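Visitor: Please take a close look at one part of this model, the surroundings of the bound ligands, and set that part in the context of the chain.

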Amino acid sequence: MKINNICCIGAGYVGGPTMSIIAQKNPDIKVNVVDMNADKISAWNSKDLDNLPVYEPGLSKVVKEARGRNLFFSDDVNKHIYDAEMIFISVNTPTKISGEGKGYAADLKYVEACAKQIAEVSKTDKIIVEKSTVPVRTSEKIKQILRLNNSDVDFQILSNPEFLAEGTAMRDLEIPDRVLIGGDKTKQGKKAIESLVKIYSSWVPKENILTTNLWSSELSKLTANAFLAQRISSINSLSELCEETGADIEEVSKAIGMDSRIGSSFLKTSVGFGGSCFQKDILNLVYIARSSGLVKVADYWEQILLINKHQRDRFSNKIVECVKNNDLHQNILLLGWAFKKDTNDSRESAAIYVANNLLNNKIRIDIYDPKVNKDQVDFDLSYLNENYDKSMVKFIEDPVSNIFNYNLIAIMTEWDEFKEYDWQYIYSKIKKPAYIFDGRNILNFEKIKKIGFNYIGIGRK
Ligand code: UDX
Ligand code: UDX
(Lines give C-alpha, C1' and ligand atoms only; values in the text may rest on other atoms or scores of the structure.)
(Ligands and ions follow the chains in the order given, each with its own letter.)
Protein backbone atom coordinates (compact mmCIF):
# COMPACT_ATOMS: atom_id res chain seq x y z
CA MET A 1 0.00 0.00 0.00
CA LYS A 2 1.45 3.36 -1.02
CA ILE A 3 1.26 5.82 1.84
CA ASN A 4 0.37 9.41 0.93
CA ASN A 5 -0.61 10.81 4.30
CA ILE A 6 1.11 10.26 7.65
CA CYS A 7 0.07 11.53 11.07
CA CYS A 8 2.41 11.49 14.06
CA ILE A 9 0.93 11.96 17.53
CA GLY A 10 3.54 13.61 19.78
CA ALA A 11 5.74 16.52 18.66
CA GLY A 12 8.52 15.89 21.20
CA TYR A 13 12.18 14.98 21.04
CA VAL A 14 11.42 11.85 19.02
CA GLY A 15 8.33 12.79 16.97
CA GLY A 16 9.60 16.22 15.84
CA PRO A 17 13.03 15.26 14.44
CA THR A 18 11.91 11.86 13.09
CA MET A 19 8.98 13.27 11.13
CA SER A 20 11.10 16.15 9.85
CA ILE A 21 13.50 13.69 8.25
CA ILE A 22 10.73 11.42 6.91
CA ALA A 23 9.13 14.48 5.30
CA GLN A 24 12.41 15.78 3.94
CA LYS A 25 13.25 12.45 2.33
CA ASN A 26 9.72 11.76 1.02
CA PRO A 27 8.48 15.02 -0.50
CA ASP A 28 5.49 13.21 -2.04
CA ILE A 29 4.13 12.16 1.38
CA LYS A 30 2.18 14.63 3.50
CA VAL A 31 3.39 14.44 7.12
CA ASN A 32 1.25 16.02 9.86
CA VAL A 33 2.75 16.14 13.34
CA VAL A 34 0.08 16.70 15.98
CA ASP A 35 0.27 17.32 19.71
CA MET A 36 -2.26 18.06 22.42
CA ASN A 37 0.03 20.87 23.59
CA ALA A 38 -1.01 23.82 21.42
CA ASP A 39 1.88 26.02 22.64
CA LYS A 40 4.36 23.43 21.49
CA ILE A 41 2.71 23.30 18.08
CA SER A 42 2.87 27.07 17.68
CA ALA A 43 6.55 26.95 18.62
CA TRP A 44 7.11 24.34 15.89
CA ASN A 45 5.34 26.70 13.49
CA SER A 46 7.31 29.73 14.63
CA LYS A 47 9.28 31.81 12.13
CA ASP A 48 12.14 31.85 14.63
CA LEU A 49 13.86 28.63 13.63
CA ASP A 50 16.47 29.10 16.36
CA ASN A 51 13.86 28.53 19.04
CA LEU A 52 12.06 25.36 18.03
CA PRO A 53 10.79 23.33 21.02
CA VAL A 54 13.59 20.83 20.45
CA TYR A 55 17.18 21.91 20.08
CA GLU A 56 19.15 19.55 17.82
CA PRO A 57 22.06 20.53 15.61
CA GLY A 58 20.85 20.47 11.98
CA LEU A 59 17.13 20.25 12.82
CA SER A 60 16.15 23.81 11.93
CA LYS A 61 17.62 23.40 8.42
CA VAL A 62 15.48 20.35 7.73
CA VAL A 63 12.37 21.99 9.19
CA LYS A 64 13.00 25.05 7.05
CA GLU A 65 13.19 22.90 3.93
CA ALA A 66 10.11 20.73 4.53
CA ARG A 67 7.74 22.81 6.67
CA GLY A 68 4.81 24.14 4.66
CA ARG A 69 5.78 21.89 1.71
CA ASN A 70 4.84 18.45 3.05
CA LEU A 71 5.59 18.82 6.76
CA PHE A 72 2.92 20.39 8.96
CA PHE A 73 2.49 20.89 12.71
CA SER A 74 -1.04 21.07 14.05
CA ASP A 75 -3.09 20.69 17.22
CA ASP A 76 -6.10 19.40 15.29
CA VAL A 77 -5.42 15.81 16.32
CA ASN A 78 -8.73 14.29 15.16
CA LYS A 79 -8.60 15.72 11.67
CA HIS A 80 -5.15 14.37 10.96
CA ILE A 81 -5.89 10.97 12.48
CA TYR A 82 -8.96 10.80 10.22
CA ASP A 83 -7.00 11.72 7.07
CA ALA A 84 -3.94 9.52 7.65
CA GLU A 85 -3.20 6.08 6.26
CA MET A 86 -0.33 5.59 8.69
CA ILE A 87 -0.22 6.92 12.28
CA PHE A 88 2.91 7.04 14.43
CA ILE A 89 2.39 7.05 18.19
CA SER A 90 5.26 9.09 19.60
CA VAL A 91 3.95 10.16 22.98
CA ASN A 92 5.89 9.88 26.21
CA THR A 93 5.81 6.71 28.32
CA PRO A 94 7.12 7.79 31.73
CA THR A 95 7.74 5.49 34.68
CA LYS A 96 4.52 4.95 36.67
CA ILE A 97 4.31 7.02 39.83
CA SER A 98 1.29 5.20 41.26
CA GLY A 99 -0.65 1.95 40.99
CA GLU A 100 0.64 -1.48 40.05
CA GLY A 101 4.29 -1.38 38.99
CA LYS A 102 4.81 2.05 40.63
CA GLY A 103 8.44 3.20 40.29
CA TYR A 104 9.25 0.57 37.65
CA ALA A 105 6.67 -0.09 34.95
CA ALA A 106 6.16 2.25 32.00
CA ASP A 107 2.99 4.26 32.21
CA LEU A 108 1.07 3.52 29.04
CA LYS A 109 -1.86 5.84 29.71
CA TYR A 110 -0.91 8.22 26.88
CA VAL A 111 -0.33 5.40 24.39
CA GLU A 112 -3.64 3.81 25.36
CA ALA A 113 -5.46 7.15 25.11
CA CYS A 114 -4.04 7.59 21.60
CA ALA A 115 -5.23 4.11 20.59
CA LYS A 116 -8.71 4.91 21.86
CA GLN A 117 -8.79 8.24 20.07
CA ILE A 118 -7.59 6.63 16.82
CA ALA A 119 -10.31 3.97 17.09
CA GLU A 120 -13.02 6.55 17.71
CA VAL A 121 -12.05 8.82 14.82
CA SER A 122 -11.09 6.31 12.10
CA LYS A 123 -13.36 5.53 9.18
CA THR A 124 -10.72 3.94 6.91
CA ASP A 125 -8.08 1.20 7.37
CA LYS A 126 -4.90 2.36 9.07
CA ILE A 127 -1.42 1.24 9.93
CA ILE A 128 -0.49 2.17 13.50
CA VAL A 129 3.22 2.47 14.25
CA GLU A 130 4.49 2.30 17.83
CA LYS A 131 7.37 4.73 17.94
CA SER A 132 7.29 5.28 21.70
CA THR A 133 9.39 2.83 23.70
CA VAL A 134 6.97 0.38 25.22
CA PRO A 135 7.09 -2.86 27.22
CA VAL A 136 7.16 -6.04 25.22
CA ARG A 137 3.63 -7.11 24.14
CA THR A 138 2.18 -3.57 24.27
CA SER A 139 1.11 -3.98 20.65
CA GLU A 140 -1.29 -6.68 21.86
CA LYS A 141 -2.92 -4.17 24.19
CA ILE A 142 -3.12 -1.52 21.45
CA LYS A 143 -4.74 -4.05 19.14
CA GLN A 144 -7.35 -4.89 21.77
CA ILE A 145 -8.20 -1.24 22.38
CA LEU A 146 -8.50 -0.53 18.66
CA ARG A 147 -10.69 -3.57 17.96
CA LEU A 148 -12.86 -3.06 21.01
CA ASN A 149 -13.63 0.53 20.06
CA ASN A 150 -13.87 0.14 16.28
CA SER A 151 -14.55 -3.15 14.50
CA ASP A 152 -15.37 -1.55 11.13
CA VAL A 153 -11.88 -0.80 9.90
CA ASP A 154 -8.68 -2.87 9.72
CA PHE A 155 -5.80 -1.74 11.93
CA GLN A 156 -2.34 -3.19 11.43
CA ILE A 157 0.15 -2.58 14.22
CA LEU A 158 3.86 -2.14 13.64
CA SER A 159 6.66 -1.56 16.11
CA ASN A 160 9.34 0.82 14.85
CA PRO A 161 11.44 1.86 17.85
CA GLU A 162 13.62 4.93 17.63
CA PHE A 163 17.35 4.58 18.21
CA LEU A 164 18.32 8.24 17.81
CA ALA A 165 20.41 9.78 20.55
CA GLU A 166 19.67 13.39 21.45
CA GLY A 167 22.33 15.85 20.36
CA THR A 168 23.10 13.70 17.31
CA ALA A 169 19.50 12.94 16.35
CA MET A 170 19.71 14.31 12.81
CA ARG A 171 22.82 12.34 11.97
CA ASP A 172 21.40 9.21 13.60
CA LEU A 173 18.21 9.56 11.57
CA GLU A 174 20.04 10.31 8.34
CA ILE A 175 22.52 7.42 8.62
CA PRO A 176 20.97 4.93 11.04
CA ASP A 177 22.92 1.79 12.00
CA ARG A 178 19.64 0.00 11.42
CA VAL A 179 15.93 0.66 11.16
CA LEU A 180 13.91 -1.94 13.03
CA ILE A 181 10.35 -2.78 11.99
CA GLY A 182 8.32 -5.43 13.77
CA GLY A 183 4.96 -6.63 12.51
CA ASP A 184 2.58 -9.56 12.26
CA LYS A 185 3.58 -12.42 9.98
CA THR A 186 0.09 -12.47 8.39
CA LYS A 187 -0.51 -11.36 4.78
CA GLN A 188 -1.87 -8.00 5.94
CA GLY A 189 0.93 -7.63 8.48
CA LYS A 190 3.58 -8.22 5.84
CA LYS A 191 1.94 -5.62 3.57
CA ALA A 192 2.01 -3.08 6.40
CA ILE A 193 5.69 -3.80 7.04
CA GLU A 194 6.40 -3.28 3.33
CA SER A 195 4.67 0.13 3.38
CA LEU A 196 6.93 1.34 6.16
CA VAL A 197 10.04 -0.23 4.63
CA LYS A 198 9.26 1.74 1.46
CA ILE A 199 9.20 5.04 3.37
CA TYR A 200 12.59 4.41 5.01
CA SER A 201 14.15 3.04 1.86
CA SER A 202 13.91 6.55 0.35
CA TRP A 203 17.22 7.10 2.11
CA VAL A 204 18.23 4.03 4.14
CA PRO A 205 19.91 1.10 2.30
CA LYS A 206 17.61 -1.95 2.27
CA GLU A 207 20.19 -4.11 4.06
CA ASN A 208 20.01 -1.77 7.07
CA ILE A 209 16.26 -2.22 7.43
CA LEU A 210 15.60 -5.15 9.69
CA THR A 211 12.15 -6.73 9.94
CA THR A 212 11.11 -8.95 12.86
CA ASN A 213 8.03 -10.05 14.70
CA LEU A 214 6.34 -7.42 16.86
CA TRP A 215 7.63 -8.62 20.20
CA SER A 216 11.25 -9.00 19.14
CA SER A 217 11.17 -5.40 17.97
CA GLU A 218 9.65 -4.12 21.22
CA LEU A 219 12.11 -6.04 23.38
CA SER A 220 15.13 -5.10 21.22
CA LYS A 221 14.62 -1.42 21.96
CA LEU A 222 14.51 -1.92 25.71
CA THR A 223 17.52 -4.18 25.71
CA ALA A 224 19.60 -2.04 23.35
CA ASN A 225 19.25 0.80 25.84
CA ALA A 226 20.00 -1.52 28.76
CA PHE A 227 23.20 -2.75 27.06
CA LEU A 228 24.36 0.82 26.38
CA ALA A 229 23.67 1.92 29.94
CA GLN A 230 25.36 -1.22 31.24
CA ARG A 231 28.62 -0.18 29.58
CA ILE A 232 28.46 3.24 31.25
CA SER A 233 27.79 1.75 34.68
CA SER A 234 30.60 -0.75 34.13
CA ILE A 235 33.12 1.96 33.36
CA ASN A 236 31.77 4.20 36.13
CA SER A 237 32.10 1.41 38.68
CA LEU A 238 35.72 1.00 37.65
CA SER A 239 36.33 4.73 38.00
CA GLU A 240 35.94 4.36 41.76
CA LEU A 241 38.44 1.53 41.78
CA CYS A 242 40.85 3.70 39.77
CA GLU A 243 40.63 6.42 42.40
CA GLU A 244 41.63 3.85 45.02
CA THR A 245 44.43 2.21 43.07
CA GLY A 246 45.99 5.07 41.13
CA ALA A 247 45.01 3.64 37.74
CA ASP A 248 43.60 6.27 35.34
CA ILE A 249 40.09 5.51 34.06
CA GLU A 250 40.70 7.34 30.76
CA GLU A 251 43.69 5.10 30.08
CA VAL A 252 41.84 1.99 31.18
CA SER A 253 38.84 2.90 29.02
CA LYS A 254 41.07 3.41 25.97
CA ALA A 255 42.85 0.12 26.56
CA ILE A 256 39.58 -1.79 26.92
CA GLY A 257 37.96 -0.09 23.94
CA MET A 258 40.80 -0.93 21.57
CA ASP A 259 39.85 -4.57 21.83
CA SER A 260 37.77 -4.89 18.69
CA ARG A 261 35.52 -7.41 20.44
CA ILE A 262 34.57 -4.72 22.96
CA GLY A 263 34.71 -1.49 20.92
CA SER A 264 35.31 2.03 22.18
CA SER A 265 31.88 3.68 22.30
CA PHE A 266 29.90 4.16 25.51
CA LEU A 267 32.98 3.71 27.66
CA LYS A 268 33.25 7.35 28.69
CA THR A 269 33.15 7.69 32.44
CA SER A 270 30.82 10.39 33.78
CA VAL A 271 28.94 11.62 36.80
CA GLY A 272 26.18 9.26 35.66
CA PHE A 273 23.97 8.79 32.64
CA GLY A 274 20.75 10.76 32.29
CA GLY A 275 18.14 11.23 29.59
CA SER A 276 14.56 10.17 29.23
CA CYS A 277 15.33 6.59 28.23
CA PHE A 278 18.02 4.67 30.07
CA GLN A 279 16.60 4.75 33.57
CA LYS A 280 13.00 4.35 32.45
CA ASP A 281 13.75 1.48 30.09
CA ILE A 282 15.87 -0.44 32.59
CA LEU A 283 13.22 -0.02 35.30
CA ASN A 284 10.76 -1.36 32.80
CA LEU A 285 12.98 -4.32 31.95
CA VAL A 286 13.45 -5.07 35.64
CA TYR A 287 9.68 -4.93 36.12
CA ILE A 288 8.99 -7.26 33.22
CA ALA A 289 11.62 -9.75 34.42
CA ARG A 290 10.34 -9.63 37.99
CA SER A 291 6.72 -10.01 36.87
CA SER A 292 7.78 -13.10 34.95
CA GLY A 293 9.32 -14.53 38.14
CA LEU A 294 12.89 -14.02 36.88
CA VAL A 295 14.26 -12.56 40.09
CA LYS A 296 17.94 -13.05 39.29
CA VAL A 297 17.56 -11.50 35.85
CA ALA A 298 15.74 -8.52 37.37
CA ASP A 299 18.40 -8.04 40.07
CA TYR A 300 21.17 -8.24 37.46
CA TRP A 301 19.79 -5.37 35.36
CA GLU A 302 18.81 -3.29 38.40
CA GLN A 303 22.48 -3.08 39.42
CA ILE A 304 23.08 -0.73 36.46
CA LEU A 305 20.81 1.82 38.08
CA LEU A 306 22.29 1.34 41.54
CA ILE A 307 25.78 2.07 40.20
CA ASN A 308 24.45 5.12 38.36
CA LYS A 309 22.95 6.53 41.54
CA HIS A 310 26.10 5.69 43.47
CA GLN A 311 28.21 7.58 40.92
CA ARG A 312 26.09 10.73 41.27
CA ASP A 313 26.08 10.47 45.07
CA ARG A 314 29.78 9.96 45.36
CA PHE A 315 30.54 12.93 43.07
CA SER A 316 28.21 15.28 44.92
CA ASN A 317 29.38 14.05 48.34
CA LYS A 318 32.93 14.94 47.38
CA ILE A 319 31.82 18.48 46.57
CA VAL A 320 29.96 18.75 49.89
CA GLU A 321 33.03 17.53 51.79
CA CYS A 322 35.26 19.96 49.92
CA VAL A 323 32.96 22.89 50.77
CA LYS A 324 32.80 21.87 54.43
CA ASN A 325 36.45 20.96 54.92
CA ASN A 326 37.73 24.13 53.29
CA ASP A 327 35.14 26.43 54.73
CA LEU A 328 33.99 27.57 51.28
CA HIS A 329 30.79 29.32 52.20
CA GLN A 330 30.38 31.09 48.91
CA ASN A 331 28.16 30.04 46.03
CA ILE A 332 29.39 27.32 43.79
CA LEU A 333 29.03 27.33 40.04
CA LEU A 334 27.54 24.41 38.08
CA LEU A 335 28.47 24.46 34.41
CA GLY A 336 25.85 22.60 32.40
CA TRP A 337 22.37 21.32 33.20
CA ALA A 338 21.40 19.31 30.09
CA PHE A 339 21.83 15.53 30.38
CA LYS A 340 24.43 15.67 27.59
CA LYS A 341 25.81 18.28 25.21
CA ASP A 342 23.96 19.64 22.17
CA THR A 343 20.47 19.25 23.57
CA ASN A 344 18.11 21.45 25.61
CA ASP A 345 16.74 18.34 27.32
CA SER A 346 17.45 17.92 31.03
CA ARG A 347 15.29 14.90 31.82
CA GLU A 348 17.04 12.71 34.42
CA SER A 349 20.21 14.78 34.08
CA ALA A 350 22.83 13.92 36.71
CA ALA A 351 23.04 17.69 37.37
CA ILE A 352 19.57 17.62 38.98
CA TYR A 353 20.60 14.99 41.54
CA VAL A 354 23.94 16.60 42.27
CA ALA A 355 22.31 20.01 42.74
CA ASN A 356 19.66 18.53 45.00
CA ASN A 357 22.30 16.99 47.25
CA LEU A 358 24.17 20.30 47.45
CA LEU A 359 20.97 22.16 48.32
CA ASN A 360 20.13 19.59 50.99
CA ASN A 361 23.50 20.47 52.50
CA LYS A 362 22.58 24.17 52.47
CA ILE A 363 25.02 25.01 49.70
CA ARG A 364 23.85 27.78 47.39
CA ILE A 365 24.38 27.18 43.68
CA ASP A 366 24.62 29.23 40.53
CA ILE A 367 23.88 27.46 37.28
CA TYR A 368 24.80 28.12 33.69
CA ASP A 369 23.72 26.13 30.65
CA PRO A 370 23.82 27.39 27.05
CA LYS A 371 20.44 25.82 26.11
CA VAL A 372 18.42 25.10 29.25
CA ASN A 373 16.57 27.94 31.01
CA LYS A 374 15.84 28.82 34.65
CA ASP A 375 12.20 27.68 34.50
CA GLN A 376 13.34 24.22 33.50
CA VAL A 377 15.90 24.13 36.33
CA ASP A 378 13.20 25.14 38.84
CA PHE A 379 10.83 22.55 37.40
CA ASP A 380 13.45 19.78 37.59
CA LEU A 381 14.47 20.56 41.16
CA SER A 382 10.94 21.01 42.48
CA TYR A 383 9.87 17.76 40.79
CA LEU A 384 12.62 15.88 42.61
CA ASN A 385 12.21 17.63 45.94
CA GLU A 386 8.96 19.23 47.07
CA ASN A 387 10.88 21.34 49.61
CA TYR A 388 12.99 22.94 46.88
CA ASP A 389 13.90 26.49 47.83
CA LYS A 390 14.16 28.58 44.65
CA SER A 391 16.05 31.33 46.44
CA MET A 392 19.08 29.04 46.90
CA VAL A 393 19.59 28.81 43.13
CA LYS A 394 20.56 31.52 40.70
CA PHE A 395 20.66 31.11 36.96
CA ILE A 396 23.39 33.07 35.26
CA GLU A 397 23.83 34.09 31.65
CA ASP A 398 27.56 34.74 31.53
CA PRO A 399 29.62 32.61 33.90
CA VAL A 400 33.08 33.85 32.94
CA SER A 401 32.46 37.51 33.69
CA ASN A 402 31.02 36.55 37.10
CA ILE A 403 33.80 34.16 37.94
CA PHE A 404 35.27 36.24 40.77
CA ASN A 405 32.27 35.13 42.87
CA TYR A 406 33.27 31.51 43.16
CA ASN A 407 35.75 29.14 44.77
CA LEU A 408 34.38 26.00 43.23
CA ILE A 409 33.24 25.08 39.73
CA ALA A 410 31.60 21.76 38.87
CA ILE A 411 31.29 20.71 35.23
CA MET A 412 28.10 18.73 34.78
CA THR A 413 27.63 18.64 30.99
CA GLU A 414 30.34 18.21 28.36
CA TRP A 415 29.41 21.31 26.31
CA ASP A 416 32.31 22.13 23.94
CA GLU A 417 32.41 25.75 25.07
CA PHE A 418 33.59 24.71 28.55
CA LYS A 419 36.71 23.17 27.00
CA GLU A 420 37.35 26.38 25.12
CA TYR A 421 37.19 28.72 28.11
CA ASP A 422 40.38 30.61 28.90
CA TRP A 423 41.08 28.75 32.15
CA GLN A 424 44.26 30.73 32.75
CA TYR A 425 42.21 33.95 32.75
CA ILE A 426 39.51 32.35 34.93
CA TYR A 427 42.16 31.34 37.44
CA SER A 428 43.45 34.90 37.59
CA LYS A 429 39.95 36.17 38.52
CA ILE A 430 38.44 33.38 40.62
CA LYS A 431 38.54 33.37 44.46
CA LYS A 432 41.32 31.25 45.91
CA PRO A 433 41.63 28.42 46.75
CA ALA A 434 39.99 27.42 43.47
CA TYR A 435 38.51 23.96 42.88
CA ILE A 436 37.30 22.33 39.68
CA PHE A 437 35.16 19.19 39.86
CA ASP A 438 35.11 17.82 36.34
CA GLY A 439 32.09 15.49 36.14
CA ARG A 440 32.85 14.66 32.53
CA ASN A 441 36.65 14.56 32.49
CA ILE A 442 36.66 17.07 29.62
CA LEU A 443 39.53 19.28 30.71
CA ASN A 444 43.22 18.60 30.25
CA PHE A 445 43.80 17.99 33.93
CA GLU A 446 47.57 18.32 33.83
CA LYS A 447 47.29 21.80 32.29
CA ILE A 448 44.52 22.80 34.71
CA LYS A 449 46.56 21.71 37.72
CA LYS A 450 49.60 23.54 36.38
CA ILE A 451 47.57 26.76 36.19
CA GLY A 452 46.94 26.38 39.91
CA PHE A 453 43.48 24.87 40.26
CA ASN A 454 42.74 21.98 42.59
CA TYR A 455 41.39 19.53 40.03
CA ILE A 456 39.05 16.66 40.94
CA GLY A 457 38.04 14.50 37.99
CA ILE A 458 36.43 11.09 37.90
CA GLY A 459 38.57 7.96 38.18
CA ARG A 460 41.95 9.63 38.01
CA LYS A 461 44.31 11.54 40.22
C1 UDX B 1 10.05 9.65 23.34
C2 UDX B 1 9.40 8.29 23.24
O3 UDX B 1 8.25 8.38 22.53
C4 UDX B 1 9.31 7.69 24.58
O5 UDX B 1 8.69 6.48 24.57
C6 UDX B 1 10.71 7.52 24.96
O7 UDX B 1 10.86 6.68 26.03
C8 UDX B 1 11.29 8.87 25.21
O9 UDX B 1 11.29 9.50 23.98
P10 UDX B 1 9.84 12.11 23.64
O11 UDX B 1 9.59 12.48 22.23
O12 UDX B 1 11.22 12.29 24.17
O13 UDX B 1 9.36 10.62 23.88
O14 UDX B 1 8.82 12.75 24.64
P15 UDX B 1 8.35 14.25 24.71
O16 UDX B 1 9.40 15.16 24.21
O17 UDX B 1 7.80 14.39 26.08
O18 UDX B 1 7.18 14.31 23.64
C19 UDX B 1 5.96 13.66 23.76
C20 UDX B 1 4.87 14.60 23.22
O21 UDX B 1 3.65 13.90 23.16
C22 UDX B 1 4.65 15.84 24.08
O23 UDX B 1 4.82 16.99 23.28
C24 UDX B 1 3.18 15.70 24.53
O25 UDX B 1 2.51 16.95 24.60
C26 UDX B 1 2.61 14.82 23.46
N27 UDX B 1 1.43 14.06 23.88
C28 UDX B 1 1.46 13.29 24.99
C29 UDX B 1 0.26 14.13 23.11
O30 UDX B 1 0.22 14.85 22.11
N31 UDX B 1 -0.82 13.38 23.48
C32 UDX B 1 -0.82 12.61 24.59
O33 UDX B 1 -1.81 11.95 24.90
C34 UDX B 1 0.38 12.56 25.38
C1 UDX C 1 19.75 6.80 24.19
C2 UDX C 1 20.22 5.78 23.14
O3 UDX C 1 21.60 6.01 22.82
C4 UDX C 1 19.36 5.89 21.90
O5 UDX C 1 19.70 4.87 20.96
C6 UDX C 1 17.88 5.74 22.29
O7 UDX C 1 17.05 5.91 21.17
C8 UDX C 1 17.50 6.75 23.35
O9 UDX C 1 18.38 6.61 24.48
P10 UDX C 1 20.07 9.41 24.56
O11 UDX C 1 19.59 9.12 25.95
O12 UDX C 1 19.39 10.49 23.79
O13 UDX C 1 19.98 8.09 23.66
O14 UDX C 1 21.65 9.76 24.60
P15 UDX C 1 22.97 8.89 24.81
O16 UDX C 1 23.99 9.41 23.91
O17 UDX C 1 22.71 7.45 24.77
O18 UDX C 1 23.41 9.32 26.29
C19 UDX C 1 22.69 8.93 27.44
C20 UDX C 1 23.43 9.35 28.68
O21 UDX C 1 24.61 8.57 28.85
C22 UDX C 1 23.91 10.80 28.69
O23 UDX C 1 23.73 11.37 29.96
C24 UDX C 1 25.36 10.69 28.33
O25 UDX C 1 26.12 11.78 28.80
C26 UDX C 1 25.73 9.42 29.05
N27 UDX C 1 26.92 8.74 28.51
C28 UDX C 1 26.91 8.31 27.21
C29 UDX C 1 28.02 8.51 29.34
O30 UDX C 1 28.03 8.88 30.51
N31 UDX C 1 29.11 7.85 28.81
C32 UDX C 1 29.13 7.40 27.52
O33 UDX C 1 30.16 6.79 27.12
C34 UDX C 1 28.01 7.64 26.69
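Guide: What follows goes from the domains to the two ligands, and then to two helical sites.

This is a predicted model, in which local features need pLDDT of at least 70, side-chain atom pairs count only at pLDDT 80 or more, and totals for chains, interfaces and linings use all residues. Residues are numbered from 1 along each chain as its sequence is written, chains are lettered from A and ligands numbered from 1 in the order in which they are written, and side-chain values use heavy atoms, with hydrogens and water left out.

The protein chain is assigned domain 1 (5–212) and domain 2 (248–456); such bounds come from an automatic or database domain assignment. Taken over C-alpha atoms, the domain centres are 32 Å apart. The contact between them (heavy atoms within 4.5 Å) takes 23 residues from domain 1 and 20 residues from domain 2.

Ligand 2 lies between the two domains, because both domain 1 and domain 2 give residues to its shell. That shell holds 20 residues, with Phe163, Glu166, Ser270, Lys340 and Arg440 coming nearest; a residue is near if one of its heavy atoms lies within 4 Å of the molecule. By class, the shell has 11 nonpolar, 3 polar and 6 charged residues. Here Ala, Val, Leu, Ile, Met, Phe, Trp, Tyr, Cys and Pro count as nonpolar, Asp, Glu, Lys and Arg as charged, and the others, Gly among them, as polar. Helix H9 (residues 214–245) gives the most to this shell, with 4 residues. Helices are DSSP runs of H or I with at least four residues, strands are runs of E with at least two, and both are numbered from the N terminus.

Polar contacts are pairs of N or O atoms within 3.5 Å; within protein, one must be able to donate a hydrogen and the other to accept it, and residues adjacent in sequence count only if both atoms are side-chain atoms. For ligand 2, an oxygen atom is 2.6 Å from a polar side-chain atom of Ser270. Lys221 has a polar side-chain atom 3.5 Å from a ligand 2 oxygen, and a polar backbone atom of Leu267 is 3.4 Å from one. On its own ligand 2 exposes 660 Å², of which the protein buries 91%; areas come from the Shrake-Rupley method with a 1.4 Å probe, and for residues only the protein chains shown count as cover.

Ligand 1 also lies between the domains, since domain 1 and domain 2 both give residues to its shell. It is surrounded by 19 residues, and Asp35, Lys40, Thr133, Lys280 and Arg347 are the closest. They divide into 6 nonpolar, 9 polar and 4 charged. Oxygen atoms of ligand 1 lie 2.6 Å from a side-chain N or O atom of Asp35, 2.9 Å from one of Thr93 and 3.2 Å from a backbone N or O atom of Val91. The protein covers 91% of the 680 Å² that ligand 1 has accessible on its own.

Two helical sites remain. Ser195, in helix H8 (residues 187–200), is buried at a relative accessible area of 3%; buried means under 20%, exposed over 50%, and partly exposed in between (1.4 Å probe, protein chains only). Not counting residues up to four places away in sequence, Ser195 touches Met1, Ile3, Met86 and Ile127. In helix H13 (residues 350–360), 9 of the 11 residues are buried. These pack against elements including helix H12 (295–325) and helix H14 (374–384). Just after H13, Lys362 takes a positive phi of about 65 degrees.
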